[in-house]
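Colleague: I would like a close look at a single part of this protein before I go back to the bench. Could you take me through one strand hairpin and what surrounds it, in one connected account?

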Amino acid sequence: MARRVHQAREDAEFDFILRMSSVPVLAYFVGTWPKAIEPCRTMDPVVGAVADAYADRLTVVRADITRCPEATRRHQVAGAPSYVLLKDGEAVASGTGVLTDAGMRDLLDDHL
């Protein structure tokens, strides 16, 4: 995982990262249950590459669904991996599942 990806260990930390960001935030929700582990591991390098490529115009926060239940509920996350692009705290785009690098960039480019 790239160093530019913030790790939210709890809801309060997730909310702090959102408040402190002066640019849109990509919330990357991951799961730790058996069926979610491999897809999330597959997406870690893709999300890391996007965080590096968009570093000047995007903050990326990785949140474990079980450790950030309020953020998960608030952003209507139903599975992992899931992605929610937030501008001024409001969701403007979202996606779920394994995406290619190009698919992830498509999710973001129309909104950045």
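Modeller: The part to begin with is the hairpin that strand 4 and strand 5 form with two residues between them, where Asp88 in the turn has a positive phi of about 55°. Please keep in mind throughout that this is a predicted model; the protein chain averages a pLDDT of 94, and 97% of the residues score at least 70. Among the elements of the chain, the mean pLDDT is lowest, at 94, for helix 4 (residues 101-109) and highest, at 98, for strand 2 (residues 25-30).

Within the hairpin, strand 4 and strand 5 (residues 90-96) run antiparallel and are joined by six bridges, and Leu86 stands opposite Ala91 of strand 5. Strand 4 also pairs with strand 2, again in the antiparallel sense, over five bridges, and here Leu86 of strand 4 is the bridge partner of Val25. Leu86 can thus be followed in two directions, to Ala91 and to Val25.

Stepping back from the hairpin, one finds an open sheet of five strands in the order 1-3-2-4-5, with mixed pairing. Strand 1 (5-8) and strand 5 stand at the edges and have a single partner strand each, so one side of each is left without a neighbour in the sheet. From one strand to the next, the twist averages 25°. Helix 2 (residues 34-53) packs on this sheet, touching strand 1, strand 2, strand 3 (59-64) and strand 4, and its direction makes about 165° with that of strand 2. Helix 4 packs on the sheet as well, touching strand 2, strand 4 and strand 5, with its direction at about 25° to that of strand 4.

The turn and the strands beside it also bring us to the largest pocket, which has a volume of about 160 Å³. Its lining consists of Leu18, Arg19, Ser21, Ser22, Val23, Pro24, Val25, Leu86, Lys87, Asp88 and Gly89, and the elements that give two or more residues to this lining are helix 1 (11-20) and strand 4 (82-87). By character, the lining residues divide into five nonpolar, three polar and three charged. Leu86 and Val25, the bridge partners described above, are both included in that lining, as is Asp88, the turn residue with the positive phi.

Finally, the approach to strand 4 deserves the same care. In the loop between helix 3 (69-74) and strand 4 lies Pro81, and the peptide bond that leads to Pro81 from Ala80 is cis, with omega near 0°. Gln76 has its place in the loop between helix 3 and strand 4 too, and although Gln76 is not a glycine, it has a positive phi of about 55°.

Technical notes:
Residues are numbered from 1 along each chain as its sequence is written. This is a predicted model: local features need pLDDT of at least 70, side-chain atom pairs count only at pLDDT 80 or more; totals for chains, interfaces and linings use all residues. Side-chain values use heavy atoms; hydrogens and water are left out. pLDDT is the predictor's confidence in each residue, from 0 to 100. Helices (H or I, at least four residues) and strands (E, at least two) are DSSP runs, numbered from the N terminus. On a 1 Å grid over the protein atoms alone, a cavity is a set of points where a 1.4 Å probe fits but cannot get out, and a pocket is an open set with protein on both sides within 12 Å along at least five of seven lines; lining residues have an atom within 4 Å of a point. Grid points are joined across faces, edges and corners, and a volume is the space filled by probe spheres set on the points. Ala, Val, Leu, Ile, Met, Phe, Trp, Tyr, Cys and Pro count as nonpolar, Asp, Glu, Lys and Arg as charged, and the others, Gly among them, as polar. Two strands pair if DSSP finds at least two bridges between them. Axes are lines fitted to C-alpha atoms, for helices over the stretch in contact, and angles run from 0 to 180 degrees between N-to-C directions. Contact means heavy atoms within 4.5 Å.
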